[in-house]
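I opened the notebook on this structure to record how its elements pack against one another, and then to look at the chain as a whole.

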Amino acid sequence: GRGPPAAVGDGEYLVMAALAAWAVFLFGWYTSRGERPVSFRDSQFLNVCDAIGLGVFSVIGVQATIDAGYVENPFFCVFLGLTTGVGGGVLRDILSCTTPAILRKHFYAMASLVGALSDYCVRPAYPGGSIFFAWGLVVFLRVVAYRDRWELPKLPIEGPENKTGT
């Protein structure tokens with residue numbers, strides 16, 4: 001109810017997104033030069049870029065919720081930080097016809113959750129630095145999780161497709 005989203009009302013966001021998209025495109029084109037597909041090493045670069053975006057949007061979600069006057073509702077602040085953080089990645093994955101990272105066993109939403117929670121918890125003691133701390137924590141967790149192939153545990157639930165005799 002506050003008007004159009006900032007991304008629509010302010011052209012600066014669109015310019016930043018377009019420049020980032022071009023930078024990633026040019027990097028992929030330059031490294032492949034049309035001779036080979038983008039290699040695993042290049043995907044590490046893209047993962048770092050994604051981790052930076054995940055951290056930025058997780059923190060923006062918490063800060064926007066606090067700025068809207070909900071500082072006394074920690075669940076709401078952290079939840080909106082999480083959903084803001086993972087929302088862009090879900091949209092990206094859907095548009096590229098891949099299963100969203102949040103629906104796979106990657107350490108993706110958990111990194112956003114830890115970052116949003118740390119931003120909310122550290123903010124009272126260190127208001128100016130909580131943003132950078134939380135952002136850095138998300139980036140660190142995503143990069144390490146990608147490098148070390150961290151996966152979240154799966155529950156051993158047997159679905160109808162796994163049952164025999166039916």
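**Helix packing**

I began with one helix pair in this predicted model: the axes of helix 5 (residues 109-122) and helix 6 (residues 130-148) come within 8 Å and cross at roughly 160 degrees. Since angles over 145 degrees count as roughly antiparallel, I noted helix 5 as roughly antiparallel to helix 6. I then looked up the hand of the crossing of helix 5 and helix 6, which is right-handed.

Next I asked which residues make the contact. From helix 5 I listed Ala-111, Ser-112, Val-114, Gly-115, Ser-118, Asp-119 and Val-122, and from helix 6 I listed Ser-130, Ile-131, Phe-133, Ala-134, Leu-137, Val-138, Leu-141 and Arg-142. Sorted by class, the contact of helix 5 with helix 6 comprises 9 nonpolar, 4 polar and 2 charged residues.

**The whole chain**

I turned to the secondary structure of the protein chain, where I found 6 helices and 0 strands, so that, by the DSSP runs numbered from the N terminus, the pattern along the sequence reads α-α-α-α-α-α.

How much of the protein chain is buried? I recorded that buried residues account for 27% of its 166 residues. For the surface, I wrote down an exposed area of about 11,400 Å² for the protein chain, with carbon and sulfur atoms supplying 68% of that area.

Last, I checked how contacts in the protein chain are spread along the sequence: of those between residues at least 6 apart, 62% join residues at least 24 apart.

Notes
Residues numbered from 1 in each chain as written. Predicted model: local features only at pLDDT ≥ 70, side-chain atom pairs only at ≥ 80, totals over all residues. Heavy atoms only, no water. Axes fitted to C-alpha atoms, helices over the stretch in contact; angles between N-to-C directions. Helix = DSSP H or I, 4+ residues; strand = E, 2+ residues; numbered from the N terminus. Parallel < 35°, antiparallel > 145°, perpendicular 65-115°, else oblique. Left-handed = near helix turned anticlockwise from the far one by under 90°. Contact = heavy atoms within 4.5 Å. Nonpolar A, V, L, I, M, F, W, Y, C, P; charged D, E, K, R; others polar. Buried < 20%, exposed > 50% of the residue type's maximum accessible area, 1.4 Å probe, protein only. Areas by Shrake-Rupley, 256 points an atom, 1.4 Å probe, with all protein chains shown as cover.
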